[in-house]
Amino acid sequence: MSPSELISQAIIARRRAYAPYSHFWVGAALLCQDGSVYLGCNIENSAYGPTVCAERTAIFKAISEGASDFAAIAIVGGGQDVPEESLAPIYPCGVCRQVMSEFCKGDFLIYCGTPQQPLSFTLDEMLPCRFEL
Ligand code: THU
């Protein structure tokens with residue numbers, strides 16, 4: 001699956017965001033080496049702390065379903081009123097980068113941007129000198 005196709009899947013996932021506090025809708029699409037895709041959206045909470053980002057939703061869904069060999073993740077986000085065709089690039093938060101670090105190798109790919117203009121990074125680039133036990 002191309003970066004553009006995976007970003008398009010993340011845009012579909014974003015439609016399910018539950019973000020009544022920030023009004024910032026995020027979608028993620030996690031691609032496994034076998035070609036399967038897990039979608040995630042951000043899920044907020046009135047107590048704020050329990051909020052889960054779209055990337056972690058997708059990763060935890062995959063792990064809990066027994067998937068383990070991840071190739072790439074696409075991330076999109078923007079205010080709830082921003083039309084899908086006008087979304088600007090966003091980048092994963094530090095907590096999500098650390099969760100990626102738990103389950104993914106350094107060459108794991110992170111796609112930001114838009115289907116028309118995908119941006120690609122490795123996990124090594126986004127989280128150098130990672131903490132591991
Ligand atoms: N958010 C994500 O879903 N992923 C990120 O990488 C950064 C932030 C969500 C959390 C919250 O629901 C909203 O965006 C605003 O911070």
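Among contacts in the protein between residues at least 6 apart in sequence, what percentage join residues at least 24 apart? In this predicted model, the share of such contacts that join residues at least 24 apart is 60%. The protein contains four helices and five strands, and these elements follow one another from the N terminus in the order α-β-β-α-β-α-β-β-α.

With regard to overall dimensions, the radius of gyration of the protein is 14 Å, which agrees with the value near 14 Å that a compact globule of 133 residues would have. The C-alpha atoms occupy a box of roughly 40 × 35 × 30 Å along the principal axes. Of the 133 residues, 44% are buried, while the protein exposes about 7,000 Å², of which carbon and sulfur atoms supply 55%.

The surroundings of the ligand are formed by S22, F24, V26, N42, E44, T51, C53, A54, E55, P92 and C93, a shell that comprises six nonpolar, three polar and two charged residues. Strand β1 (24-32) and helix α2 (54-64) each contribute at least two residues to this shell. Oxygen atoms of the ligand take part in several short approaches to the protein: one lies 2.9 Å from an N or O atom in the side chain of N42, and for the side chain of E55 the corresponding distance from a ligand oxygen to an N or O atom is 2.6 Å. The backbone also participates, in that an N or O atom of the C93 backbone is placed 2.9 Å from an oxygen atom of the ligand. On its own the ligand has 380 Å² of accessible area, and the protein covers 77% of this area.

Technical notes:
Residues numbered from 1 in each chain as written. Predicted model: local features only at pLDDT ≥ 70, side-chain atom pairs only at ≥ 80, totals over all residues. Heavy atoms only, no water. Near = heavy atom within 4 Å. Polar contact = N/O pair within 3.5 Å; in protein donor to acceptor, adjacent residues only side chain to side chain. Areas by Shrake-Rupley, 256 points an atom, 1.4 Å probe, with all protein chains shown as cover. Nonpolar A, V, L, I, M, F, W, Y, C, P; charged D, E, K, R; others polar. Rg over C-alpha atoms; globule rule 2.2 N^0.38 Å. Buried < 20%, exposed > 50% of the residue type's maximum accessible area, 1.4 Å probe, protein only. Contact = heavy atoms within 4.5 Å.
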